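New page in the notebook. I'll jot down what I look up as I go.

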Amino acid sequence: MDELQQSIKRLYSPGEVALQLNVERQTITKYARLFETAGFVFHKDEKGNRGYTDINVMMFKDLITQRNKPGITLESAAKSVTAIYKEKSITDTVITFPAENERYNTVIEEKLDMLMLAFQKQQELIENQNKMIQSLQNEVQKQNHYIDNSLKERDKKLLESMSLLQEQKKEQAESIKQLAAAKEESIQKKSFLARLFGK
């Protein structure tokens with residue numbers, strides 16, 4: 001089995017390559033397009049989906065290494081790597097995904113879709129919780145404002161009541177003083193009359 005046959009024995013989906021290289025799936029698609037712009041041809045199935053060989057995975061690794069060198073742009077790195085690997089392109093080779101591999105890829109894709117859906121639902125839940133928290137904070141602020149106003153109103157009424165009570169006590173004290181004065185005057189009059197008439 002020659003090198004080309006070995007390299008195409010197993011085809012990887014973009015998600016599998018992304019997991020191997022610890023990058024986002026979209027990054028693999030972006031890199032593949034750069035390679036294609038530079039003239040490299042990847043295997044595609046009847047639906048136009050790319051399948052990647054072990055050699056293609058090495059290309060991606062080399063591109064990541066080149067990209068991290070100072071003064072090298074992603075495009076120039078893609079051209080450089082393409083020049084090295086172009087001879088190993090599988091342009092004229094037709095490959096069919098083994099049924100087992102297709103099932104495996106389908107399961108991976110479904111799991112990725114489920115994860116994305118779960119992530120979106122979690123984001124929605126977090127947003128709803130944030131809205132609820134904000135609503136509760138607003139309600140607490142309104143309640144605090146209401147309580148502050150109620151306390152101020154109560155204190156104002158209490159002060160008014162105390163002031164009224166003091167005024168009433170003052171009036172009562174004045175009345176008692178006047179009554180005492182009148183009583184004293186009455187006693188003095190009785191005493192005077194008693195002396196006058198000898199009683």
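I went for the second largest pocket to begin with, and it holds about 400 Å³ of space. This is a predicted model, by the way, so I keep that in mind while reading on.

Which residues sit closest to the pocket's centre? I find A18, E24, R25, Q26 and L112, out of 13 that line the second largest pocket. Helix 2 (14-21), helix 3 and helix 6 (99-197) are the elements that each give two or more residues to this lining. Helix 6 has the largest share, with 5 residues. I also sorted the lining by class and got 7 nonpolar, 3 polar and 3 charged residues.

Next I followed helix 3 (residues 25-37) to where it meets helix 5 (residues 74-85). Their axes come within 9 Å and cross at roughly 65°. The crossing of helix 3 past helix 5 is right-handed. On the helix 3 side I noted K30, Y31, L34 and F35 in the contact, and on the helix 5 side L74, E75, A78, V81 and T82. By class, the residues of this contact are 6 nonpolar, 1 polar and 2 charged.

Last, I looked up the confidence. The chain has a mean pLDDT of 81, with 82% of its residues at 70 or more. Where does pLDDT stay under 50? One such stretch is residues 1-8, for which the model has 13 contacts beyond four places in sequence. Residues 90-99 are below 50 too, and that stretch has 19 contacts beyond near neighbours in sequence. Note to self: where pLDDT is low, the predicted coordinates should not be read in detail.

Technical notes: Residues numbered from 1 in each chain as written. Predicted model: local features only at pLDDT ≥ 70, side-chain atom pairs only at ≥ 80, totals over all residues. Heavy atoms only, no water. Axes fitted to C-alpha atoms, helices over the stretch in contact; angles between N-to-C directions. Helix = DSSP H or I, 4+ residues; strand = E, 2+ residues; numbered from the N terminus. Left-handed = near helix turned anticlockwise from the far one by under 90°. Contact = heavy atoms within 4.5 Å. Nonpolar A, V, L, I, M, F, W, Y, C, P; charged D, E, K, R; others polar. pLDDT = per-residue confidence, 0-100. 1 Å grid on protein atoms, 1.4 Å probe; cavity = no way out; pocket = protein on both sides within 12 Å on 5 of 7 lines; lining within 4 Å. Points joined across faces, edges and corners; volume = space filled by probe spheres on them.
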